[in-house]
Amino acid sequence: MSQRKQIRNALLAGKKLSPLTALRDFGCMRLASRIQEIRIGTAGDHPLAVSDTWREQRNGKRFKVYYVPDAVSERYKAVLIANSKAGVRPPGRPRGTRKA
């Protein structure tokens, strides 16, 4: 799974991401670029409203923390639940095929 998809899924799951957590969890050194791709909806994904806020460390250095507002996250979860009950599979490889 690509870094963009991993980050998108983490945001939709309600996680807040900073550059350091993105590096640790996904190996992503360019979080702001991935967030921009998620916001405009590249590679067939729908655009996602990602919010951000500035945080400050004790030494005065600032960084952004990115998150998806609760209303968007809850709406996405509702769609996933409805699709799973209807038997709709998420997009991906057809069943029975393997990654080469």
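Among contacts in the protein chain between residues at least 6 apart in sequence, what percentage join residues at least 24 apart? The figure is 47%, and this is a predicted model, so keep that in mind as you look around.

**Whole chain.** Start with everything selected and colour by secondary structure. You should find four helices and two strands, arranged along the sequence as α-α-α-β-β-α. Switch on a surface next: the protein chain exposes about 7500 Å², with carbon and sulfur atoms supplying 53% of that area. Of the 100 residues, 23% count as buried.

**Helix α3.** Now select residues 31-40, which make up α3. Show the side chains of Leu31, Arg34, Ile35 and Ile38, the buried residues of this helix. Turn the view to look down the axis of α3: these buried residues fall within an arc of 100°, so they line one face of the helix. The spacing fits a general rule: an α-helix has 3.6 residues a turn, so residues three or four places apart point the same way.

What lies over that face? Add α1 (3-12), α2 (19-26) and β2 (62-67), which are among the elements covering the buried residues of α3. Then step to glycine 41, which follows α3 and has a positive phi, near 80°.

**Serine 18.** For the last stop, pick serine 18 in the loop between α1 and α2. Is this serine buried or exposed? Serine 18 is buried, because its relative accessible area is 11%, under the 20% cut-off. Display its surroundings, leaving out residues up to four places away in sequence, and you will see serine 18 touching Leu31, Phe63, Lys64 and Val65. Leu31 also appeared among the buried residues of α3.

Conventions: Residues numbered from 1 in each chain as written. Predicted model: local features only at pLDDT ≥ 70, side-chain atom pairs only at ≥ 80, totals over all residues. Heavy atoms only, no water. Buried < 20%, exposed > 50% of the residue type's maximum accessible area, 1.4 Å probe, protein only. Arc of directions from axis to C-beta. Contact = heavy atoms within 4.5 Å. Areas by Shrake-Rupley, 256 points an atom, 1.4 Å probe, with all protein chains shown as cover.
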